[in-house]
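Colleague: I have a few questions on side-chain packing and charge pairs. Could you go through them with the structure open?

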Amino acid sequence: LDPSRYFFLESDIQEFKKFKINFDDDFKKGKLENAFIIFNRFNQRQTAQLEKVIANLDPNVPYNFETEDTINTDRENAPWPTTVKEADIIWQQYIKLNLLNSMLNGKSLEDSKKNIRKRYVNQLRRNNRIDAEQAYSIIMNSLTTLYDPHTNYMSPNDSENFDINMSLKLTGIGAELGVKDEYTKVNRIIPASPAAKQGILQPNDRILAIAQGDKGAFVD
């Protein structure tokens, strides 16, 4: 969940250690409460930190690039932050590094803030959309890859997408969809599909609402 040690605190890790000798018994019993405690804590820490990062990238927040700073970019073996304040400092350094890299590529500080802020807004939005099925998938893959890195659990949604990719057959209107900001966007129209034959839907269209039939009520 947190390989670079940006979100969990040392106190979280110590708390989770009480679960480790029981995980095998939990899986045998189909008991995933402890795994979800860890996942939910991560989700909580990530959401709180991303909200702070987004606030700190506001155009009115000043940054001083005249000081001598250092940052550890390889945190795989770094100690976990012991306090929220310590985690905040690590993130401030990381964001400052991102801003500097962006400006070294020719962008202004204002544009750098805007682009990086947008990235974290999208990450927070994706984080808020994680449901129990996706969390379950992450937990189960932690188990399967422990024994075999090539064995993966597939959620019903992942399994459906895998079958589509393998069979090269798609049932639907024939539009490949994505997400841009808070909108559902049409990435492309599948050739010879119903959408292609109708000719109304086009790439880059935003889907704001859907309805059934000509007289159906539109739903967000």
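**Surface, core and charge pairs**

Modeller: M166 is placed in helix α7, which covers residues 156–167. Keep in mind that this is a predicted model.

Colleague: Does M166 count as buried or exposed?

Modeller: The relative accessibility of M166 is 61%. The cut-off for exposed is over 50%, so M166 counts as exposed.

Colleague: About what area does the nonpolar surface patch with M166 have?

Modeller: M166 makes this patch together with M154 and F162. The nonpolar patch comes to about 310 Å².

Colleague: Which helix gives the most to the largest nonpolar core?

Modeller: The largest nonpolar core has 21 residues, and F8, L57, W91, I95 and Y120 are those with the most contacts inside it. At least two residues each come from α1, α3, α4 and α5. With five residues, the helix that gives the most to this core is α3.

Colleague: How many residues apart in sequence are the parts that R45 and D12 tie together?

Modeller: R45 and D12 form a salt bridge, with their closest N and O atoms 2.9 Å apart. Because R45 lies in helix α3 and D12 in helix α1, the pair ties together parts separated in sequence by 33 residues.

Colleague: Which strand holds R188, the salt-bridge partner of E176?

Modeller: The closest N and O atoms of R188 and E176 are 3.1 Å apart, and the two form a salt bridge. E176 lies in strand β1 (residues 175–180), whereas R188 lies in strand β2.

Conventions. Residues are numbered from 1 along each chain as its sequence is written. This is a predicted model: local features need pLDDT of at least 70, side-chain atom pairs count only at pLDDT 80 or more; totals for chains, interfaces and linings use all residues. Side-chain values use heavy atoms; hydrogens and water are left out. Patches are made of residues with over 30% relative accessible area and no salt bridge: like charges are joined within 9 Å, nonpolar side chains (Val, Leu, Ile, Met, Phe, Trp, Tyr) within 5 Å. Accessible areas come from the Shrake-Rupley method with a 1.4 Å probe; for residues, only the protein chains shown count as cover. A salt bridge is a side-chain nitrogen of Lys or Arg within 4 Å of a carboxyl oxygen of Asp or Glu. Helices (H or I, at least four residues) and strands (E, at least two) are DSSP runs, numbered from the N terminus. Buried means under 20% relative accessible area, exposed over 50%, partly exposed in between (1.4 Å probe, protein chains only). A nonpolar core is a set of buried Ala, Val, Leu, Ile, Met, Phe, Trp, Tyr and Cys residues joined through side-chain atoms within 4.5 Å.
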